[in-house]
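Visitor: I would like a close look at one helix, with its surroundings. Please take me through what is there, step by step.

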Amino acid sequence: MRRHFEIDDTAIDAALMRHGDGYALEVGGERQAIDLSPPAADGARTLRVGDRRYRVHVARDGDATFVQVAGRSFAIRTIEPLTVFAHAGAANADLTARAPMPGTVVSIRAQPGARIAKGETLMVIESMKLETAIAAWRDGTVDAFHLAVGQTFDRDAPLVSLLAETAE
Amino acid sequence: MSRIGTVLIANRGEIALRILRTVKASGRRAVAIFHELDAGSPAVREADLAVRIDGATPVAAYLDGAQIIAVARDVGVDAIHPGYGFLSENAAFARQVADAGMVFIGPTPEAIDLMGDKVRARAFVAARGFPVAPSAIEDDDPASFPKRARALGPPLLIKPAAGGGGKGMRIVRDMTALDSEIERARSEGQRYFGDGRLYVERYVERPRHIEVQVLGDAHGNVVHLWERECSVQRRFQKVIEETPSPALTPAERRDICDAAAGIARAVGYRNAGTVEFIYGDGAFYFLEMNTRLQVEHPVTELVTGRDLVADQLRIAEGEALGYGQGDVRQNGHAIELRLYAEDPARNYAPTTGRIARLRWPDIAGLRVDSGIIEGQRVSAAFDPMLAKVIVHGADRTEAIARARRALTETVLLGITTNREFLDRVLGDDLFAAGAVHTGFLDERASQLALPPPDHETLMALVAAAALSDDNLRAEADAVPPLYAAIGAWRN
């Protein structure tokens, strides 16, 4: 019942537990009774955290929770502690270039299997009418391009991978 | 010219829906075209007929004039409305539509050509006595170009002759750098537009962007529908537009609007167009003319009470405008906010996602022109503008208050937008004072940045996320309360 919550650049570890007829939230040793009412006709719900009350809108999409409070929307990502650990220890983190922002693939400048030097342009993406070159971040061999020319992608989508270098 | 019974709308998103509504409300049939990414969009749902188009990229589909004309012929439409962007300022497309026996709802190809060539347009306007910024044009005499540029004095703005969208423009404040900046601008012009020719203008520091809506008919009637102030911009793209401009005195307003109508008359302009000016230090200069309906046309509609698309349709049918300048009044104040799928905190980088929830509020004076619906996926394939929140009030103060209420009460979940940022801008002291210019957002970036959520808000967000997570709740339910309590005290 413990989870890792990410809101923008803030990470919070929290636990949900039963508390009388309802629930409590425990963060950093501090525990507060919490409650979320069912949605009213307009979709709004009443959130209670200790003595505070908020009118909120909540929607979920996979491991993301979207909450609007006081006219401001937030995305909260929920991660199981085990997953956090697995990511932190991921080997070969330099294998794949991911999209810095959503966009479209304009051109691909190399072939899988090709030897490339650091700084060489591997592909060109376009976002908001601006073209950005994805350059090789080290010397190596192209493993695969994950998208074809003309395809669109979201932020963080894998673009191109290099082969793992064998230990010298 | 005969009545237009069926209109194909060669566009997408909010503007396709906005045009479609007037087409249908005036008793005409509306045909939508769509790329498969837009299959679930509101315009496709509301159209009398929707036809799928394809392309190498989604954008390419909407730029494929031949394919669109073929669709229009197949289904038998009388006219094509291009909206804005895409094919709207493509003179060749306008000619092809006419050649195919249909009506292009917009100006003549000649007017599009003239105004599309920035140097020619500028010379045309200057020759007829309208104000343009002091300038030097390379083509007039290439050998003396640097000397003539230097004679204008700083600050200068170097622009590519074939340019647009702010690309290749360079500001020169230190005249010793003039020669090297000319070379840099030339190579950028060559790279972006395949044309290295340049011109140089006197640069107006902290300029305002003020534009004037015009309408002309086939009978020589031209009216203006007053100005719009569009100075709040990021990356040369407008974010907030309003009318009337808080900057103009009544005399300046009359002069700038008369100049716009005069320019339209000189061009023999037909249909809807916008004359853009740079305004600063009490003077205004012609910038360019956009030969189409603008994104921000609704603010004009709210203060004048006119439906510009309805007027476009009547003009395209050959009808006379039917009203004169004296009939066009500015009533109250209107503001438009462009809701973008972007993150202002990450240098306005575009965002993607699924619209998980969407509710527009019910507020007096509010109009929403939206191309999105709940459940829709927003991809990076198109322009990031999702919708326009437009408000009308008795005066500017009331319009700002209504706009802020509209933003706060809109429920929009699932994708990061500039909604909160727009509210910060509306709440800014300088914006409230009307003291804006095209560099305003950059200059005020630190004041406009959203503060991070405080501790209480973070706890509320985590609580909402935890309580709406069925798996997490089930795990908590499985642990007896006493044991859970002990577990927590261990920390």
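Guide: What follows looks at one helix of chain B, then turns to chain A and the contact between the chains. Keep in mind that this is a predicted model.

Start with helix α7 of chain B, residues 118-127. Which of its residues are buried? They are V119(B), A121(B), R122(B) and V125(B). Viewed down the axis of α7(B), these buried residues fall within an arc of 165 degrees, so they line one face of the helix. The general rule helps here. An α-helix has 3.6 residues a turn, so residues three or four places apart point the same way.

What covers that buried set? The cover includes two helices of chain B, α6 (109-116) and α10 (250-267). Strands of chain B also take part, including β6 (135-137), β9 (198-202) and β14 (283-290). Just after α7(B) comes G129(B), with a positive phi of about 85 degrees.

Now cross to chain A. The contact between the chains draws on 53 residues of chain A and 47 residues of chain B. On the chain A side, 28 residues are nonpolar, 15 are polar and 10 are charged.

Chain A also offers a strand to follow: β16(A), residues 158-162. It pairs with β9(A), residues 96-98, in the antiparallel sense over three bridges. In that pairing, T96(A) has S161(A) as its bridge partner. Strand β14(A), residues 140-145, pairs with β16(A) too, again antiparallel and over three bridges. Here V142(A) stands opposite L162(A).

Conventions
Residues numbered from 1 in each chain as written. Chains lettered and ligands numbered in written order. Predicted model: local features only at pLDDT ≥ 70, side-chain atom pairs only at ≥ 80, totals over all residues. Pairing = 2+ DSSP bridges. Helix = DSSP H or I, 4+ residues; strand = E, 2+ residues; numbered from the N terminus. Buried ≥ 20, exposed ≤ 12 C-beta atoms within 10 Å, placed from the backbone. Arc of directions from axis to C-beta. Contact = placed C-beta atoms within 7 Å. Nonpolar A, V, L, I, M, F, W, Y, C, P; charged D, E, K, R; others polar.
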